[in-house]
Amino acid sequence: MAISFAAWFWWDMRVWRPDTSLYPEQGAVVASGASGTKFDTLAAIGAEFVYLELGGAGIAPDPGFAARLGDARSSKLKTGISMPFDPCLKADEQSSRFTRMVPRDSELLSPALTLRQLGSGCVPAVSDAAVEAELMTLINQIEMHSGKPVILRLARDFELRHDIARMIERDLWLERDRARPDYAGRPWLLWSANGQYVSEASETPIEWVVVQR
């Protein structure tokens, strides 16, 4: 019985999206390094916006990012950029990656910072206070470049460690497949509701996101 349920759940999650009557504004995330995404098809299947992931400053720049950004902006989709926060690196190094790769443009959606990696995994380990200080610096630098407030894409483990939702007053983007996330202790703006959504818009699964208004 358990095996049958797990198989059904896996299959159902491939195509599951939250009800549009509850969440009329829905969109997707395209991973860094992804190729072949059909942005017009994304729009046709119900996406109103797309966030493109920008590779972190600790890895080589994604050579396809600029073309992907151009394709997304040429479609009907509102477009934004998401970048991971790396607690092992200084804020200046990370903001430099963002400012070099992302144009100043008021038509772009508010940028998102993905908060997932913990400073305890750095070599040497980085203290919580140092992580939080660099994060605030990076937020300020990205907001100066974009002219818009950052959205905090907050993973559960990062929130449990740093209590960022209480500490920093920014819109939140939470993650949890199928079930509404509640780990931030306050309302969220964006919800990654299905991390492996299968569609004709991409050869590989994409992440499906909804907006709470």
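**Close-up views of a predicted model**

**View 1. Thr 37, tucked away in a loop.** Thr 37 is buried, since its relative accessible area is 14%, which falls below the 20% cut-off. This is a predicted model, so keep that in mind for every view here. As for its place in the fold, Thr 37 belongs to the loop that runs between strand 1 (26-30) and helix 2 (39-44). Once neighbours within four places in sequence are set aside, Thr 37 still has Val 30, Leu 42, Ala 201 and Ser 202 in contact.

**View 2. Ala 31, in the loop between strand 1 and helix 2.** Is Ala 31 buried, exposed or partly exposed? Its relative accessibility is 36%, so Ala 31 counts as partly exposed. Leaving out residues up to four places away in sequence, Ala 31 touches Glu 53 and Arg 68. Look across to Phe 65 as well: 34 residues separate Ala 31 and Phe 65 along the chain, and their C-alpha atoms are 10.0 Å apart.

**View 3. Helix 3 (residues 65-74) and its buried face.** Phe 65, Arg 68, Leu 69 and Ala 72 are the buried residues of this helix. Seen down the axis of helix 3, they fall within an arc of 100°, so these buried residues line one face of the helix. Turn to the other side of helix 3 and you find Ala 66 and Ser 74, which are exposed. The cover over the buried residues of helix 3 includes strand 1, helix 2, strand 2, strand 3 and helix 4. Arg 68, one of the buried residues here, is also a residue that Ala 31 touches.

**View 4. Helix 4 (residues 91-101), with its buried residues picked out.** Here the buried set is Ala 91, Gln 94, Ser 95, Arg 97 and Phe 98. Down the axis of helix 4, these buried residues fall within an arc of 150°, so they line one face of the helix. Which exposed residues sit on the face of helix 4 turned away from its buried side? They are Asp 92 and Arg 100. What lies over the buried residues of helix 4 includes strand 3 (78-84) and helix 5 (128-146).

**View 5. Strand 3 and its partner, strand 2.** Strand 3 is mostly covered, with five of its seven residues buried. Strand 2 (residues 49-53) runs parallel to strand 3, and five bridges join the two. To pick out one pairing, follow Val 50 to its bridge partner in strand 3, Thr 79. Strand 3 also turns up in the cover over helix 3 and in the cover over helix 4.

**View 6. The largest cavity, an enclosed space of about 80 Å³.** How many cavities of 30 Å³ or more are there? The count comes to one. The largest cavity is lined by Gly 80, Ile 81, Phe 98, Val 102, Pro 103, Asp 105, Leu 108, Leu 109, Pro 111, Ser 146 and Lys 148. By class, that lining splits into seven nonpolar, two polar and two charged residues. Phe 98, part of this lining, is also among the buried residues of helix 4.

**View 7. The largest pocket, with a volume of about 160 Å³.** Its lining is made up of Glu 25, Phe 49, Tyr 51, Lys 78, Leu 109, Ser 110, Ile 151, Leu 189, Leu 190, Val 211 and Arg 213. Sorted by class, the pocket lining has seven nonpolar, one polar and three charged residues. Leu 109 is worth finding in both views, as it helps line the largest pocket and also the largest cavity.

**View 8. Backbone details in three loops.** Start with the peptide bond from Val 123 to Pro 124, which is cis, with omega near -5°. Pro 124 is in the loop between strand 4 (112-115) and helix 5. Next comes Asp 163, which has a positive phi of about 55° although it is not a glycine. Asp 163 sits in the loop between helix 6 (156-162) and helix 7 (164-167), and at 30% relative accessibility it counts as partly exposed. Last is Arg 178, also not a glycine, with a positive phi of about 75°. Arg 178 lies in the loop between strand 6 (172-175) and strand 7 (190-197), and its relative accessible area of 26% makes Arg 178 partly exposed.

Technical notes. Residues are numbered from 1 along each chain as its sequence is written. This is a predicted model: local features need pLDDT of at least 70, side-chain atom pairs count only at pLDDT 80 or more; totals for chains, interfaces and linings use all residues. Side-chain values use heavy atoms; hydrogens and water are left out. Helices (H or I, at least four residues) and strands (E, at least two) are DSSP runs, numbered from the N terminus. Buried means under 20% relative accessible area, exposed over 50%, partly exposed in between (1.4 Å probe, protein chains only). Contact means heavy atoms within 4.5 Å. On a 1 Å grid over the protein atoms alone, a cavity is a set of points where a 1.4 Å probe fits but cannot get out, and a pocket is an open set with protein on both sides within 12 Å along at least five of seven lines; lining residues have an atom within 4 Å of a point. Grid points are joined across faces, edges and corners, and a volume is the space filled by probe spheres set on the points. Ala, Val, Leu, Ile, Met, Phe, Trp, Tyr, Cys and Pro count as nonpolar, Asp, Glu, Lys and Arg as charged, and the others, Gly among them, as polar. The arc is that of the directions from the helix axis to the C-beta atoms. Two strands pair if DSSP finds at least two bridges between them.
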